[in-house]
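Here are some exercises to help you find your way around a protein chain you haven't met before. Try each task on your own, then go through the solution.

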Amino acid sequence: MGIFTKLFKTKAQKEKDKKMVLGVKRQKEYSFGELKRLLESNKKIDDSFYSELEEILILSDIGIDYTLKYMDLLKKAVKKNKISSVQELKDVMLDEFLELYVGLDKASLNYQDGRLNVFLFVGVNGSGKTTSIAKVANMLIKEGKKVLIAAGDTFRAGAVNQLNVWGDRLGVKVIFKDNTSDPSSVIYEGLKEAKSGNYDILLCDTAGRLQNKVNLMKELEKISRVINREVSGAPHETLLVIDATTGQNGLSQAKIFNETTKVTGVILTKLDGSSKGGIVLSINNTLGIPIKLYGYGETMDDMDKFNIESYLYNLFNGILFEDEDE
């Protein structure tokens with residue numbers, strides 16, 4: 001057993017919890033269930049085995065580029081270690097997955113005491129962005145932070161109303177205007193209120209319409225300039241919200257945001273509703289940014305910090321290895 005597998009089965013085993021088990025349940029049943037079938041029905045490693053493995057990974061939403069990269073690494077490891085059986089291959093598969101992603105879970109939210117921290121939320125409509133803002137607010141409040149929300153998605157009255165409802169439930173003030181207002185003016189008012197009210201963190205919602213990409217991106221650029229002008233070094237986080245159930249389609253849309261805004265982290269929503277877990281493994285490879293938080297339900301507490309070891313442990317438990325303690 002390789003060094004990465006040893007790290008994986010000791011550290012991650014201690015951290016696994018019911019939340020992550022719930023998040024990967026559908027993925028284990030569907031796309032990665034096919035991986036289990038492949039490993040159980042084959043005794044030797046040949047071209048046919050590699051071909052089917054490649055197809056399973058692509059269909060799991062890992063993406064073609066990442067799959068080809070992973071398959072190349074796997075074949076080299078098999079040759080180097082002179083592996084001939086599928087059973088021996090399991091440890092190597094696990095090691096290669098972990099080696100590519102080890103350390104990503106260390107990326108935590110960037111906020112500091114003694115300053116106004118500004119978080120900008122971006123993402124397409126329907127990704128769960130507005131609800132994610134409320135969940136993040138809830139997490140920060142539980143850490144003792146004084147939180148303010150700016151409802152900058154003035155293009156959607158529903159988004160503003162939704163944030164006001166969440167604000168009332170959480171006891172968080174929401175800065176908003178009507179849907180004819182300039183989004184950047186709402187953010188500006190939020191910044192003024194946050195500074196005068198000695199808030200710790202300002203959470204800023206933004207529009208997510210892609211029908212007019214040019215105008216949307218110009219608006220995001222304008223908002224970023226306003227924030228940086230009022231608070232030096234801000235936004236301290238630009239969090240891209242991605243719906244896990246949309247897979248590669250959601251990822252391709254996300255690239256548009258990453259081209260215009262300096263995205264610092266991903267919030268992956270609806271993880272428990274996705275049957276294609278490969279999206280988690282392809283995000284960093286495609287966008288080059290870490291997943292910082294994940295959502296898996298409808299209540300305010302259904303969000304947690306993302307831990308790649310815990311995710312991989314629960315995803316591949318029963319497929320690439322058997323947990324002796326279960």
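**Exercise 1. Work out whether Lys 195 is buried, partly exposed or exposed, and describe its surroundings.**

Solution. Keep in mind from the start that this is a predicted model.
- Step 1: Lys 195 has a relative accessible area of 37%. Buried would need under 20% and exposed over 50%, so Lys 195 counts as partly exposed.
- Step 2: Now find its element. Lys 195 sits in helix α9, which covers residues 183–196.
- Step 3: Look for its contacts, skipping neighbours within four places in sequence. Lys 195 then touches Leu 116 and Glu 230.
- Step 4: Try a distance. From C-alpha to C-alpha, Lys 195 and Thr 286 are 37 Å apart, with their positions 91 residues apart in sequence.

**Exercise 2. Compare Asn 164 and Arg 169: which element holds each, and is each one buried or exposed?**

Solution.
- Step 1: Place them both. Asn 164 belongs to helix α8, residues 157–170, and Arg 169 is in helix α8 too.
- Step 2: Check Asn 164. Its relative accessible area is 19%, and the cut-off for buried is under 20%, so Asn 164 is buried.
- Step 3: Check Arg 169. At 60% relative accessibility, Arg 169 is exposed.
- Step 4: Add the partners of Asn 164. Apart from neighbours within four places in sequence, Asn 164 is in contact with Val 174 and Phe 176.
- Step 5: Finish with a distance for Arg 169. Its C-alpha atom is 26 Å from that of Leu 22, a residue 147 positions away along the chain.

**Exercise 3. Describe the setting of Lys 292, and find the side chain that its own side chain meets in a polar contact.**

Solution.
- Step 1: Locate the residue. Lys 292 is part of strand β7, residues 291–295.
- Step 2: Read its accessibility. With a relative accessible area of 9%, Lys 292 is buried.
- Step 3: Find the polar partner. The side chains of Lys 292 and Glu 237 are joined by a polar contact of 2.7 Å.
- Step 4: Widen the view. Beyond its neighbours within four places in sequence, Lys 292 has contacts that include Ala 107, Ser 108, Leu 109, Thr 264, Asp 304 and Phe 306.

**Exercise 4. Say where Leu 240 lies, and list some of the residues it touches.**

Solution.
- Step 1: Leu 240 is in strand β5, which spans 237–243.
- Step 2: Its relative accessibility is 1%, so Leu 240 counts as buried.
- Step 3: Leave out residues up to four places away in sequence. Among the residues that Leu 240 touches are Val 122, Gly 123, Phe 257, Val 263, Ile 267 and Leu 287.
- Step 4: For a longer reach, go to Met 20. The C-alpha atoms of Leu 240 and Met 20 are separated by 21 Å, and the two are 220 residues apart along the chain.

**Exercise 5. Look at the backbone: which peptide bond is cis, and what are the phi values of Lys 82 and Lys 270?**

Solution.
- Step 1: The bond from Ala 234 to Pro 235 is cis, its omega being near 0°. Pro 235 lies in the loop between α10 (213–230) and β5.
- Step 2: Lys 82 has a phi near 55°, which is positive even though the residue isn't a glycine. You'll find Lys 82 in the loop between α5 (64–80) and α6 (86–101), and its 71% relative accessibility makes it exposed.
- Step 3: Lys 270, not a glycine either, has a positive phi of about 55°. Lys 270 is in the loop between β6 (265–269) and α12 (278–287), where it is partly exposed at 36% relative accessibility.

**Exercise 6. Step back to the protein chain: how many helices and strands does it have, and how compact is it?**

Solution.
- Step 1: Count the elements: 13 helices and eight strands.
- Step 2: Take the radius of gyration, 21 Å. The globule rule gives 20 Å for 326 residues, which is close, so the chain is as compact as a globular protein of that length.
- Step 3: Box in the C-alpha atoms. Along the principal axes, they fill roughly 65 × 40 × 30 Å.
- Step 4: Check the burial. Of the 326 residues, 53% are buried.
- Step 5: Look at the contacts with a separation of 6 or more. Residues 24 or more positions apart make up 78% of them.
- Step 6: End with surface and charge. The chain exposes about 14,500 Å², with 48% of that supplied by carbon and sulfur atoms. It has 46 positive and 46 negative charges, and their mean positions are 3 Å apart.

How values were computed. Residues are numbered from 1 along each chain as its sequence is written. This is a predicted model: local features need pLDDT of at least 70, side-chain atom pairs count only at pLDDT 80 or more; totals for chains, interfaces and linings use all residues. Side-chain values use heavy atoms; hydrogens and water are left out. Helices (H or I, at least four residues) and strands (E, at least two) are DSSP runs, numbered from the N terminus. The radius of gyration is taken over C-alpha atoms; the globule rule is 2.2 Å times the number of residues to the power 0.38. Buried means under 20% relative accessible area, exposed over 50%, partly exposed in between (1.4 Å probe, protein chains only). Contact means heavy atoms within 4.5 Å. Accessible areas come from the Shrake-Rupley method with a 1.4 Å probe; for residues, only the protein chains shown count as cover. Lys and Arg count as positive and Asp and Glu as negative; His and the chain ends are not counted. The place of a charge is taken as NZ of Lys, CZ of Arg, CG of Asp or CD of Glu. A polar contact is a pair of N or O atoms within 3.5 Å; within protein, one must be able to donate a hydrogen and the other to accept it, and residues adjacent in sequence count only if both atoms are side-chain atoms.
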